[in-house]
Amino acid sequence: MINIIPIPAFKDNYIWTLHDSRHAVVIDPGDATPVRNWLDSHHLTLCAVLCTHHHNDHVGGVCELAGLYNVPVYGPRLDVIPCLTHPVGDGDIVEIAELNIRLQVLFIPGHTRGHIAYLTLEHEGRAASLFCGDTLFACGCGRLFEGTPAEMHHSLQRLAQLPDDTRVYCAHEYTEANIGFALACEPDNMQLQQRKNEAHTLRLVEKPTLPSTIALEKATNPFLRCTEPEVIRTLQGHGLTENHELAAFTALREWKNHF
């Protein structure tokens, strides 16, 4: 049985950690200190580091961990990742022998030019787990620092095609703020209102709102709902004139930038 836990870092980052009570893999370690402390307190041995993109809050601890534990570092071949030993791209398979797991690499540019995700494969009949960095958030999506709206829209649509029960592990605790924007887009969405209450309850006791699922995102995330009539009407009230999905997505992303 593989356990997946978040190690909190900085203000709102999660360093997702997969372990079997002996070995561990960490994803996007922006800071080495909380990872080291957690590994030490749980008597685990780090066996690999995985990175989704190059931003420092995701890679700042990579070299310290790689040097201390002498482990491979996987990351996108189109981003500059410090101490990278295994550049990977779309369709590649990352095999972690110590945990007996395989992860498929998905190329999902938009937030950065080379952003990737990792999707677990053949995991004992369990739903797949998606580690998607800063592309798909709970009720949101990442800012477009290097990519285009068309690239991000395509990346999100690709993720939306995954099975509904796929568990979504993004890298930040942005859920409540994102729900506020989503409700501005689609105030009559009852499932979204329910999600707001559930997220608030979790955050009151400092519990993560993650993982999400692909099904929940398709039901509540405005960036996956650009063709919904209520979202379109809201955007038209904010000046949308073009009648196609990419225009709606672009308007949503621009509105969220200033929300």
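Guide: A crossing of two helices is left-handed if the near helix is turned anticlockwise from the far one by less than a right angle. Keep that in mind for this predicted model.

Visitor: What makes the crossing of α8 and α9 left-handed?

Guide: Helix α8 (residues 229-237) and helix α9 (residues 245-257) pack at an angle of about 65°. The near helix is turned anticlockwise from the far one by less than a right angle, so the crossing of α8 and α9 is called left-handed. Their axes are 11 Å apart.

Visitor: How do you know that α8 and α9 meet, and through which residues?

Guide: Contact means heavy atoms within 4.5 Å. By that test, Val231, Ile232, Thr234 and Leu235 in α8 meet Ala248, Ala251, Leu252 and Trp255 in α9. By class, this contact has seven nonpolar residues, one polar and no charged ones.

Visitor: Why is Ala184 called partly exposed?

Guide: Buried means under 20%, and exposed means over 50%. Ala184 has 29% relative accessibility, so Ala184 counts as partly exposed. Ala184 lies in helix α5 (residues 175-185). Not counting residues up to four places away in sequence, Ala184 touches Thr234, Trp255 and Phe259.

Visitor: What makes a space in this structure a cavity?

Guide: A 1.4 Å probe fits there but cannot get out. The structure holds one cavity of 30 Å³ or more. The largest cavity has about 40 Å³ of space. Its lining includes Tyr14, Asp28 and Phe131.

Visitor: Which strand gives the most to that lining?

Guide: Strand β10 does, with three residues. By class, the lining has eight nonpolar, two polar and one charged.

Key
Residues are numbered from 1 along each chain as its sequence is written. This is a predicted model: local features need pLDDT of at least 70, side-chain atom pairs count only at pLDDT 80 or more; totals for chains, interfaces and linings use all residues. Side-chain values use heavy atoms; hydrogens and water are left out. Helices (H or I, at least four residues) and strands (E, at least two) are DSSP runs, numbered from the N terminus. Buried means under 20% relative accessible area, exposed over 50%, partly exposed in between (1.4 Å probe, protein chains only). Axes are lines fitted to C-alpha atoms, for helices over the stretch in contact, and angles run from 0 to 180 degrees between N-to-C directions. Ala, Val, Leu, Ile, Met, Phe, Trp, Tyr, Cys and Pro count as nonpolar, Asp, Glu, Lys and Arg as charged, and the others, Gly among them, as polar. On a 1 Å grid over the protein atoms alone, a cavity is a set of points where a 1.4 Å probe fits but cannot get out, and a pocket is an open set with protein on both sides within 12 Å along at least five of seven lines; lining residues have an atom within 4 Å of a point. Grid points are joined across faces, edges and corners, and a volume is the space filled by probe spheres set on the points.
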